[in-house]
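Work through the exercises below with the sequence and the model open side by side. Each task is followed by a solution in steps.

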Amino acid sequence: MKVAVLVAEIGSTTTVVNAFDGIGGPCPSFIGQGQSYTSVLEGDVTVGLRGAVEDLKSNLGIEDLSWDEMLATSSAAGGLRMSVHGLVYDMTVRAAKEAALGAGGILKHVTAGKMRRTDLKKISEIRPNIILVAGGVDYGERDTALHNFELVAELGLEIPVIYAGNVENQEEVKEIAEEKGIRLYVVENVYPRVDQLNVEPTRAVIQQVFEEHIIHAPGMTTVRDMIDGPILPTPGAVMEAAKVLKEAIGDLVVFDVGGATTDVHSVTEGSEEISRLLVSPEPEAKRTVEGDLGVYVNMRHIVETMGRDELIKDFPDLDELLENAKAIPDTDRAKVFVERLAQEAMLTAMERHAGRLRQLYGASGKRTIAEGKDLTAVKYVVGTGGALTRLPQHRKILSTATTHGKGLELFPKSDARILVDNDYIMASLGVLSKRYPEDALKLMLSSLHWDKKD
């Protein structure tokens, strides 16, 4: 059997392959999925990739499988580790974080203002895949970004550095990088004015640097030779898919509850009413990742957050459920328990992702302001990832995002429609969209059962 495109999602623990046919034609189709354990520890990720292909062949009931093209996403070797350094935390640092997270980065160290020796020590210890230096609006403060860049250059770590700060520093930064032999990428300022975020150019370069320099998992060089298109960080691929979908159907928020983390991707400019109240700008496309909210690796943390005494009322067998927990729950009782945890993870992640209204009181009386990301204009709440596509009550869990809150939070409204990535292919479609955007959109709408009435 031959298919048009095979997309590999090479994760830290699991490798998934998704097969698609009819790409470039009027009716692209999803053929099937296979998975296997990622084989980083065996010294070659291609072992896991071949295992996933064998599983796909078994699922399809075929002996031979070939393809015209292979694309890939990856979070193997610990994902895309980054450090971010800016001037003012609520301004340039926040803008740089938005760019890094939206591209699929995992933030290991973040600083505001001039870096100290302890910051440099931390960078040397964590050895990020990419260092992002920003700071100062265009034609504003220059010294902090230059100071930080010079310190990073002195480390001699042979790590790619992206400069996305005050435009006036660009030539001097280039000279320093040339002197120190640093692989430098200069992009537009992530915060060119106090009322403007400009994160997309930096996101694009982060994904480029990831593909060129960061694929260090054992055997990944061989995978690179097999791939016909870009390799994206897996979370960045989900964001790409969300942006394509938003252009087609409207404002949306995507929840991905996983075993270790919970990601929230929103693509919306918010409502005009709230935008007039915002005290600082927000990006249209925003991603947050909550490393403490996972329904397997971080299961016990969620339990402690919810309160054992409260949970034990509904789950008197709580200790037994925790002791026998598996990455994929295999009993009805375990599934009900994980559903409860998934709902808590999703709602907590939404609370951290979304903004809220605040009342300020001064000499002129009461004034209402808005802070953070506005989700009130979201038309669709989308679920992807294992928990929100495979658990029996996934739609019910997702619907709580439209009824949660006390009124001041900028959450989705009750009329937002629930959509589910039933084929669990959103990340694959994100990387597919870089080359075949129309096909990716058709496949996405099919996975969401867009043609069906709720």
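**Exercise 1. Strand pairing and sheet order**

Find how strand 11 (residues 252-257) is joined to strand 16 (residues 380-384), then place both in their sheet.

Solution. The model is a predicted one.
Step 1: Strand 11 and strand 16 run parallel and are joined by 5 bridges.
Step 2: One residue pair locates the register: V254 has V382 in strand 16 as its bridge partner.
Step 3: The sheet is open, with 5 strands in the order 13-12-11-16-17 and mixed pairing.
Step 4: At the edges are strand 13 (285-290) and strand 17 (417-420); each has a single partner strand, so one side of each lacks a neighbour in the sheet.
Step 5: On average, neighbouring strands of this sheet are turned by 15° against each other, direction ignored.
Step 6: Helix 13 packs on this sheet and touches strand 11, strand 12 (262-267) and strand 13, its direction making about 50° with that of strand 12.

**Exercise 2. A helix pair**

Classify the packing of helix 10 (residues 299-306) against helix 13 (residues 332-353).

Solution.
Step 1: The two helices pack at an angle of about 75°, and their axes are 10 Å apart.
Step 2: Angles of 65 to 115 degrees count as roughly perpendicular, so helix 10 is roughly perpendicular to helix 13.
Step 3: From helix 10, M299, I302, V303 and M306 take part; they meet F337, V338, R340, L341, E344 and A345 of helix 13.
Step 4: Sorted by class, this contact has 8 nonpolar, no polar and 2 charged residues.

**Exercise 3. The partners of strand 5**

Which strands pair with strand 5 (residues 80-86), and in which sense?

Solution.
Step 1: Strand 6 (residues 105-112) pairs with strand 5 in the parallel sense over 7 bridges. Here H85 stands opposite T111.
Step 2: Strand 7 (residues 130-133) pairs with strand 5 in the parallel sense over 4 bridges. In this pairing V84 has L132 as its bridge partner.
Step 3: Strand 5, helix 2 (residues 89-102) and strand 6 form a right-handed β-α-β unit.
Step 4: Of the 7 residues in strand 5, 6 are buried.

**Exercise 4. One residue**

Is T15 buried or exposed?

Solution.
Step 1: T15 lies in strand 2 (residues 14-21).
Step 2: Buried means under 20% relative accessible area; T15 has 0% relative accessibility, so T15 counts as buried.
Step 3: Beyond its neighbours within four places in sequence, T15 has contacts that include E9, I10, G34, Y37 and L49.
Step 4: G34 is 19 residues from T15 along the chain, and their C-alpha atoms are 8.4 Å apart.

Conventions:
Residues are numbered from 1 along each chain as its sequence is written. This is a predicted model: local features need pLDDT of at least 70, side-chain atom pairs count only at pLDDT 80 or more; totals for chains, interfaces and linings use all residues. Side-chain values use heavy atoms; hydrogens and water are left out. Axes are lines fitted to C-alpha atoms, for helices over the stretch in contact, and angles run from 0 to 180 degrees between N-to-C directions. Angles under 35 degrees count as roughly parallel, over 145 as roughly antiparallel, 65 to 115 as roughly perpendicular and the rest as oblique. Contact means heavy atoms within 4.5 Å. Ala, Val, Leu, Ile, Met, Phe, Trp, Tyr, Cys and Pro count as nonpolar, Asp, Glu, Lys and Arg as charged, and the others, Gly among them, as polar. Buried means under 20% relative accessible area, exposed over 50%, partly exposed in between (1.4 Å probe, protein chains only). Two strands pair if DSSP finds at least two bridges between them. A crossover is right-handed if, with the strands pointing away from the viewer, the path from the first strand over the helix to the second runs clockwise.
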